[in-house]
Amino acid sequence: MTTSPLDMTHKHQDYLRIEAVIHHLYTCPANTPLEDIAKAIGLSEFHFQRLFTRWAGITPKRFLQFLTKEHALSIIHHQEPISHTALTLGLTGSSRLHDLLVHCEAVTPGQLKSSGKGLTIRYGFHPTQFGECLIATTDKGICHLTFIQDQVNAVNELQQRWTNAILIEKSASTALLVQQIFNKEWDNQQPLSVHLKGTNFQMKVWQALLSIPSGKLNHYQSIANEIGKPNASRAVGSAIGKNNIAYLIPCHRVIQKGGEFGNYRWLPERKAAMIAWETANNNR
């Protein structure tokens, strides 16, 4: 079932308070009563319960359990190797695990050197259940997807990444993509294409991220092992940090080996919200 624009707007509005809750949790004791957390964001405990149930489909207490280091570690420890997952699906190898869902294409060397000269990029701003996003596409696929605080700064960042490309705001053409990406049933939709701009190493890392299913987690060392570079976990972390296609290329599903969620270029609160929301939907 496709998520309607109205429903997405409501989830976007709910998320703003969810983010405030998570920010509050980072600064208060783990055993803080729900009533106190609700008061901190200006809600009664009843409305606090309703907010979470509407946004995440679970109670606040259950949601908060998904934010613990212990829970994150339990997900990692029960994670099947990517190659095993691929074989159980009847595919020939891990590289084909998500081929039917996301097709990756790199920019040509000429486009990389010219910073997008000759490319036309269409973009739009849209609400999602994790905040407002900017999505941009070329004729080859999605080339940019970020969560934003300010629309002007977001467009400037897009233009800086594709200095010589022509940018055209076209929200009508990008709205359906956003509805598909942020639909919890998106695996059943038509395949998506992404148009990536990065080094060969970054491309390998980003493609490895696509093999982490929704509701699952992995850590930097494991990704380094998957791409055949076991001594490059720091470089893997750097490549993940340079991912410019948020959520669809799920860098939020990579955490520290000890179970800490770690940083996220679009706010650690948002990363925590994504992990808990996906875990909740995966455990229904």
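**Exercise 1. In which helix is the place of Thr53?** Work out its exposure and its partners as well.

Step 1. Keep in mind that you're looking at a predicted model. Thr53 has its place in helix 3, which covers residues 45-56.

Step 2. Now for exposure. The relative accessible area of Thr53 is 42%. Partly exposed runs between the 20% limit for buried and the 50% limit for exposed, so Thr53 is partly exposed.

Step 3. Look for partners, skipping the neighbours within four places in sequence: Thr53 touches Ile58 and Thr59. Going further along the chain, Phe63 is ten residues from Thr53, and their C-alpha atoms are separated by 9.4 Å.

**Exercise 2. Describe the protein as a whole.**

Step 1. Start with the secondary structure: the protein has 13 helices and eight strands.

Step 2. Then check burial. Of the 284 residues, 50% are buried.

Step 3. Turn to the surface. About 13800 Å² is exposed, and carbon and sulfur atoms supply 51% of that.

Step 4. Finish with the contacts. Take those between residues at least 6 apart in sequence: 67% of them join residues at least 24 apart.

**Exercise 3. At what angle do helix 10 and helix 12 pack, and which residues of helix 10 meet helix 12?**

Step 1. Get your bearings first. Helix 10 spans residues 200-209 and helix 12 spans residues 233-241.

Step 2. Two packed helices are described by the angle between their axes and the distance between the axes. Here the angle is about 80 degrees and the axes are 9 Å apart.

Step 3. Classify the angle. The range 65 to 115 degrees counts as roughly perpendicular, so helix 10 is roughly perpendicular to helix 12.

Step 4. List the residues at the contact. Helix 10 brings Phe201, Gln202, Val205, Trp206 and Leu209, while helix 12 brings Ala235, Val236, Ala239 and Ile240.

Step 5. Sort them by class: eight are nonpolar, one is polar and none is charged.

**Exercise 4. How do strand 3 and strand 4 run relative to each other, parallel or antiparallel?** Then follow Gly141 to its partners.

Step 1. Find the pairing. Strand 3 (residues 133-138) is joined to strand 4 by six bridges, and the two run antiparallel.

Step 2. Check the link: a hairpin of two residues connects strand 3 to strand 4.

Step 3. Pick out one bridge. Cys133 has Phe147 in strand 4 as its bridge partner.

Step 4. Ask how covered strand 4 (residues 141-147) is. Seven of its seven residues are buried, making the strand mostly covered.

Step 5. Zoom in on Gly141, which is found in strand 4. Its relative accessibility is 11%, so Gly141 counts as buried.

Step 6. Leave aside the neighbours within four places in sequence, and Gly141 is in contact with Ala136, Ser193, Val194 and His195. His195 is 54 residues from Gly141 in sequence, with 5.0 Å from C-alpha to C-alpha.

**Exercise 5. What is the phi of Tyr247, and what is the phi of Leu267?** Place both residues and sort them by exposure.

Step 1. Take Tyr247. Its phi is positive, about 65 degrees, although Tyr247 is not a glycine.

Step 2. Place it: Tyr247 is found in the loop between helix 12 and strand 8 (254-255). Its relative accessibility is 7%, so Tyr247 counts as buried.

Step 3. Do the same for Leu267. Its phi is positive at about 90 degrees, and Leu267 isn't a glycine either.

Step 4. Leu267 lies in the loop between strand 8 and helix 13 (268-282). With 32% relative accessibility, Leu267 counts as partly exposed.

**Exercise 6. Where is the place of Asn283?** Give its exposure and its distance to Gly215.

Step 1. Asn283 has its place in the segment after helix 13.

Step 2. The relative accessibility of Asn283 is 46%, so this residue counts as partly exposed.

Step 3. Compare chain and space. Asn283 and Gly215 are 68 residues apart along the chain, and their C-alpha atoms are separated by 8.2 Å.

Key
Residues are numbered from 1 along each chain as its sequence is written. This is a predicted model: local features need pLDDT of at least 70, side-chain atom pairs count only at pLDDT 80 or more; totals for chains, interfaces and linings use all residues. Side-chain values use heavy atoms; hydrogens and water are left out. Helices (H or I, at least four residues) and strands (E, at least two) are DSSP runs, numbered from the N terminus. Buried means under 20% relative accessible area, exposed over 50%, partly exposed in between (1.4 Å probe, protein chains only). Contact means heavy atoms within 4.5 Å. Accessible areas come from the Shrake-Rupley method with a 1.4 Å probe; for residues, only the protein chains shown count as cover. Axes are lines fitted to C-alpha atoms, for helices over the stretch in contact, and angles run from 0 to 180 degrees between N-to-C directions. Angles under 35 degrees count as roughly parallel, over 145 as roughly antiparallel, 65 to 115 as roughly perpendicular and the rest as oblique. Ala, Val, Leu, Ile, Met, Phe, Trp, Tyr, Cys and Pro count as nonpolar, Asp, Glu, Lys and Arg as charged, and the others, Gly among them, as polar. Two strands pair if DSSP finds at least two bridges between them.
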